[in-house]
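Please look through the sequence and the model below before reading on. The paragraphs that follow go from the overall fold to the interior, and then to a few single residues.

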Amino acid sequence: MNGRELMALAQEARKHSYAPYSGFRVGAALLTKSGKVYLGCNIENAAYSATVCAERTAFFKAVSEGECEFEAIAIVGGKEGETAEFCSPCGVCRQVMAEFCAPDFRVLLGNEEHFEAYTLDMVLPFSFTGKDL
Ligand code: THU
C-alpha cells in the first residue's frame, strides 16, 4: 500500500462523513503494520462535544478489533464539495496517535493531487505519553 493509495482510501472514507453542523467533511485511512486498512470519517452531533474526528474513528475501530500496531494514516478534508489542500489533525487526534504509535508513524496530509508525509514526532513534538507516568 503506497501513500497515494492510502490517500485515495481516505477520500473514499470521507464520503461517509456526517457533518451537518460544520459542513466540513473529513476522511482518514489508517494502515496497520500487518497491512490492514481501517477507514474513518468525522461524525458530528447536535451536542457538539460528542463529535468524533475521522482520525479517531479509524483508530477506535482498529483498536476495538484488536489492532494496536500502526504504520501510517492518510487524512483528507475540506468543506462540502471541496477538498482542502491540507487538513491538519486536531490536537486530540494527535494525542490518540501518540498513545498507539511510534515517533516515526507517518501522517500523510494533502489531497488527491498532492500530499506530504510527516512523522508523528513532527506533528506532535514533546508528546506526553504513558512513559511519562
Ligand atoms: N475534524 C476531523 O474529523 N479531523 C480533523 O483533523 C480536523 C477536524 C472534524 C471535526 C468536525 O466534525 C469538523 O471537522 C470541523 O471541525
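In this predicted model, the secondary structure of the protein amounts to 4 helices and 5 strands. Followed along the sequence, these elements come in the pattern α-β-β-α-β-α-β-β-α. The C-alpha trace spans about 40 × 35 × 30 Å along its principal axes, and the radius of gyration is 14 Å, which agrees with the value near 14 Å that a compact globule of 133 residues would have. Of the contacts between residues at least 6 apart in sequence, 59% join residues at least 24 apart.

The surface and the interior can be described in a few figures. Buried residues account for 43% of the 133 residues, while the protein exposes about 7,300 Å², of which carbon and sulfur atoms supply 55%. There are 12 positive and 18 negative side chains, and the centres of these two sets lie 2 Å apart.

Which residues touch the most other members of the largest nonpolar core? They are Leu30, Phe59, Ile73 and Phe105, in a core that has 22 residues. The elements that give two or more residues to this core are β1 (24–32), α2 (54–64), β3 (70–79), α3 (91–100), β4 (106–110) and α4 (120–123), and it is α2 that gives the most, with 4 residues. Apart from this core lies another, of 9 residues, which includes Met7, Ala29, Ala72 and Val76. As a background to both, nonpolar side chains in soluble globular proteins tend to be buried together.

Isoleucine 73 shows how one member of the largest core is surrounded. When its neighbours within four places in sequence are left aside, isoleucine 73 is in contact with Leu6, Ala28, Ala29, Leu30, Glu55, Phe59, Met97, Phe105, Arg106, Val107 and Leu108. Three of these contacts, Leu30, Phe59 and Phe105, are named with isoleucine 73 among the residues that touch the most other members of that core.

Two of the helices can be followed through their buried residues. In α2, the buried residues are Ala54, Glu55, Arg56, Thr57, Ala58, Phe59 and Ala62, and what covers them includes β1, β2 (37–41), β3 and α3. After α2 comes glycine 66, whose phi is positive, near 95°. In α3, the buried residues are Cys93, Arg94, Val96, Met97 and Ala98, and their cover includes α2, β3, β4 and α4. The two helices thus each appear in the cover of the other, with α3 listed over the buried residues of α2 and α2 listed over those of α3.

In the loop between β2 and α2 is glutamate 44. Is this residue buried or exposed? At 10% relative accessibility, glutamate 44 counts as buried, because the cut-off for that term is under 20%. Its contacts, not counting neighbours within four places in sequence, are Tyr18, Ala19, Pro20, Tyr21, Ser22, Phe24 and Thr51. The C-alpha atom of glutamate 44 is separated by 9.9 Å from that of arginine 25, which lies 19 residues away along the chain.

Tyrosine 118 has its place in strand β5 (residues 115–119) and is partly exposed, with a relative accessible area of 24%. Not counting residues up to four places away in sequence, tyrosine 118 touches Phe86, Phe105, Arg106, Val107, Leu109 and Val123. Between tyrosine 118 and glutamate 82, which are 36 residues apart in sequence, the distance from C-alpha to C-alpha is 23 Å.

The segment after α4 holds phenylalanine 126, and serine 127 lies in that segment too. Phenylalanine 126 is exposed, with a relative accessible area of 84%, and has a positive phi of about 55° although it is not a glycine. Serine 127, at 32% relative accessibility, counts as partly exposed. Beyond its neighbours within four places in sequence, serine 127 is in contact with Ala98 and Asp132, and Ala98 is one of the buried residues of α3. The C-alpha atoms of serine 127 and proline 103 are separated by 9.4 Å, and these residues are 24 apart along the chain.

Conventions: Residues numbered from 1 in each chain as written. Predicted model: local features only at pLDDT ≥ 70, side-chain atom pairs only at ≥ 80, totals over all residues. Heavy atoms only, no water. Core = buried A, V, L, I, M, F, W, Y, C linked by side-chain atoms within 4.5 Å. Buried < 20%, exposed > 50% of the residue type's maximum accessible area, 1.4 Å probe, protein only. Contact = heavy atoms within 4.5 Å. Rg over C-alpha atoms; globule rule 2.2 N^0.38 Å. Areas by Shrake-Rupley, 256 points an atom, 1.4 Å probe, with all protein chains shown as cover. Lys, Arg positive; Asp, Glu negative; His and termini not counted. Charge placed at Lys NZ, Arg CZ, Asp CG, Glu CD.
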